[in-house]
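Please open the model in your viewer and keep the selection panel at hand, since the tour moves from one bound species to the next.

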Amino acid sequence: MKQIVYLSAILAIAVAQNAPAPLQARVRISDPFNDNQIQGNLTFTQLDEHKVRVEGVIAGLPPGQYGFHVHQKGDITGGCLSTGPHFNPENKDHGHPNDENRHVGDLGNIEFDENSVSRIDFVDSMISLYGPHCILGRAVVLHEKQDDYGRGRHPDSRKTGNAGGRAACGVIGIL
Ligand SMILES: *[C@@H]1O[C@H](CO)[C@@H](O)[C@H](O)[C@H]1NC(C)=O
Ligand SMILES: [Cu+2]
Ligand SMILES: [Zn+2]
């Protein structure tokens, strides 16, 4: 009896060690070409094939909603503008995170509270840490205005959600 208990304990440990560690990525958000008023860290965790959890805290913008995207390039040599357009490997229109027709990088808006803090914790079903939707080595960009999810009248709505300038950004790296 004791041996069976030992054996199953050893087996359980072996199974746990065989399970791959979750793929994770990290990004430090800042506005180094500005005055470094905006600061934050985010962690991405691959939960399963179609789910990535995004969690972290960003501080430094007045209360409100701000566009939040993954942009194509992990290049911040010339500030957040160097990151290029929204990550859009399937050539779709800009949209809401729950839309079928959206850029892979369209993560919608994040909200800053009255203390200028945004607490982020959501799951997205289109970004990935591997494969054709992989966001590793690309950039997170936080905008100066609210993303209208492509529903606005402005000509930029279908391309960028008319979210205005780029307030802060960071390159997504493997953790
Ligand atoms: C981000 O993480 C670094 C260390 O990993 C820490 O020094 C820094 O304070 C964090 N920034 C915020 C805004 O939490
Ligand atoms: Cu953007
Ligand atoms: Zn977009």
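Begin by selecting the zinc ion (ligand 3), which in this predicted model is coordinated by His86 (ND1), His94 (ND1), His103 (ND1) and Asp106 (OD) at 2.0 to 2.1 Å; donors are N, O and S atoms within 2.8 Å of the metal (3.2 Å for Na, K and Ca), and with water not among the atoms, sites may look incomplete. The 4 donor atoms subtend angles of 97 to 121° at this ion, so the arrangement is tetrahedral (all angles between 85 and 135 degrees for four donors).

Next, show His94 and Asp106 together: His94 sits in the loop between strand E4 (64-71) and strand E5 (106-112), while Asp106 belongs to strand E5, so the pair ties together parts that are 12 residues apart in sequence (strands are DSSP runs of at least two residues, numbered from the N terminus). His94 is buried at a relative accessible area of 4%, and Asp106 is buried at 0%, where buried means under 20% relative accessible area (1.4 Å probe, protein chains only).

Now move to the copper ion (ligand 2), whose protein donors His69 (ND1), His71 (NE2) and His143 (NE2) lie 1.9 to 2.0 Å from it, with the sequence spacing H-x1-H-x71-H. Of these, His69 and His71 are both buried.

For checking your selections, residues are numbered from 1 along each chain as its sequence is written, and chains are lettered from A and ligands numbered from 1 in the order in which they are written. Local features need pLDDT of at least 70 and side-chain atom pairs 80 or more, whereas totals for chains, interfaces and linings use all residues, and side-chain values use heavy atoms, leaving out hydrogens and water.

Conventions. Buried means under 20% relative accessible area, exposed over 50%, partly exposed in between (1.4 Å probe, protein chains only). Four donors count as tetrahedral if all angles lie between 85 and 135 degrees; four count as square planar and six as octahedral if opposite donors are over 155 degrees apart and all others between 65 and 115; anything else is irregular. Helices (H or I, at least four residues) and strands (E, at least two) are DSSP runs, numbered from the N terminus.
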